[in-house]
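Here are my comments on the model, point by point. Please read them with the structure open.

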Amino acid sequence: MKAMFRTMGPALLAALVLGGCATKVERMEPGEAVDLSGKWNDTDSRLVSEEMIRDVLSHRWVGDFSQGHAGARPAVIVGEIRNLSHEHISVVTFVNDLEREIINSGRVDFVASRDERADIRAERKDQDLNASEETRKPMGQELGADFMLKGDISTILDTEGKQQVRYYQVDLTLISLADNRKVWVGQKKIKKLVTKPGLRL
């Protein structure tokens, strides 16, 4: 028996060490909030977009536009959202969250982005050459946006010892494309206190 343990000992020890280092993966609900590092994450993106779109749609510009255009809904496009923070933030994810909230509200029409429009125009041009007359979509029938949503994400970091305060500020502005009027300005702030054993400046 002792001889068998002497033979298997190193292999058994290696298996135990490797087993202890194995990656552990747990499935989670996409909407579940988990903060690991204190940095901007998917929960921040979702909650900020939901709150700011609720705010922008609650103001008078929607009703004013409809009254002046025979009850028509305003058409909105999302322009540039700049990341001016200290960290990498997925602006694409945040813009997608904004677009989803705007479209799902049903209160405004939403115009595709510049890149998406280029793809659609290429498809329409291809249809012009290859699709049947009955199914062909003509050029020059696009919906022009009435308002553009633009904004910035910025941060302020305050670090002392093992603690850091991470302050995020999201500023969004809705601008009339007809006359450059700013019809809504919104701001959302997030403040997090992060404590780590080995936090570095």
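1. Start with the second largest pocket of this predicted model. By class, its lining has 5 nonpolar, 2 polar and 5 charged residues. The volume of this second largest pocket is about 190 Å³. Its lining is made up of R60, W61, D64, F65, H69, D146, F147, S176, A178, D179, R181 and V183. Helix α3 (residues 61-68) supplies the largest share of that lining, 3 residues.

2. Next, the largest pocket. It holds about 260 Å³ of space. Three elements each give two or more residues to its lining: β1, α4 (91-105) and α5. Which of them gives the most? The answer is β1, with 4 residues. The full lining is I77, V78, G79, E80, V95, E99, S113, R114, D115, R117 and M148. By class, the lining of the largest pocket counts 4 nonpolar, 2 polar and 5 charged residues.

3. Now the enclosed space. How many cavities of 30 Å³ or more are there? The count is 1. Its volume is about 50 Å³. I53, V56, L57, W61, V76, I102, V108, L149 and L174 form the lining of this largest cavity. Helix α2 contributes the largest share, 3 residues. The class split is 9 nonpolar, no polar and no charged residues. W61 deserves a second look: it lines the largest cavity, and W61 also appears in the lining of the second largest pocket.

4. Strand pairing around β1. Strand β1 (residues 75-83) runs parallel to strand β2 (residues 109-110), and 2 bridges join them. In that pair, A75 stands opposite D109. Strand β1 is also joined to strand β3 (residues 147-160), again in parallel, by 6 bridges. There V78 stands opposite L149. Both of these residues line empty space. V78 is on the lining of the largest pocket, while L149 is on the lining of the largest cavity.

5. R124 on helix α5. This arginine sits in α5 (residues 114-130). Is R124 buried or exposed? R124 has a relative accessible area of 14%, so it counts as buried, the cut-off being under 20%. Leaving aside neighbours within four places in sequence, R124 is in contact with K137, P138, M139 and E142. With E142 there is a polar contact of 3.2 Å between the side chains. K137 is 13 residues away from R124 along the chain, and their C-alpha atoms are separated by 6.2 Å. Helix α5 is also among the elements that give two or more residues to the lining of the largest pocket.

6. K188 on strand β5. This lysine belongs to β5 (residues 182-195). K188 is counted as buried because its relative accessible area is 19%, and the limit is under 20%. Which side chain forms a polar contact with that of K188? It is the side chain of E51, at 3.0 Å. Apart from neighbours within four places in sequence, K188 is in contact with V48, E51, M52, Y168, Q169 and V170.

7. S45 on helix α2. S45 is placed in α2 (residues 42-57). Its relative accessibility is 2%, so S45 counts as buried. Which residues are in contact with S45, once neighbours within four places in sequence are left aside? They are W40, T93, F94 and D97. The helix that carries S45, α2, also gives the largest share of the lining of the largest cavity.

8. Finally, the chain as a whole. There are 5 helices and 5 strands. Along the sequence they follow the pattern α-α-α-β-α-β-α-β-β-β. The protein chain has 201 residues, and 31% of them count as buried. Among contacts with a separation of 6 or more, 66% come from residues 24 or more positions apart.

Definitions and conventions
Residues numbered from 1 in each chain as written. Predicted model: local features only at pLDDT ≥ 70, side-chain atom pairs only at ≥ 80, totals over all residues. Heavy atoms only, no water. Buried < 20%, exposed > 50% of the residue type's maximum accessible area, 1.4 Å probe, protein only. Contact = heavy atoms within 4.5 Å. Polar contact = N/O pair within 3.5 Å; in protein donor to acceptor, adjacent residues only side chain to side chain. Pairing = 2+ DSSP bridges. 1 Å grid on protein atoms, 1.4 Å probe; cavity = no way out; pocket = protein on both sides within 12 Å on 5 of 7 lines; lining within 4 Å. Points joined across faces, edges and corners; volume = space filled by probe spheres on them. Nonpolar A, V, L, I, M, F, W, Y, C, P; charged D, E, K, R; others polar.
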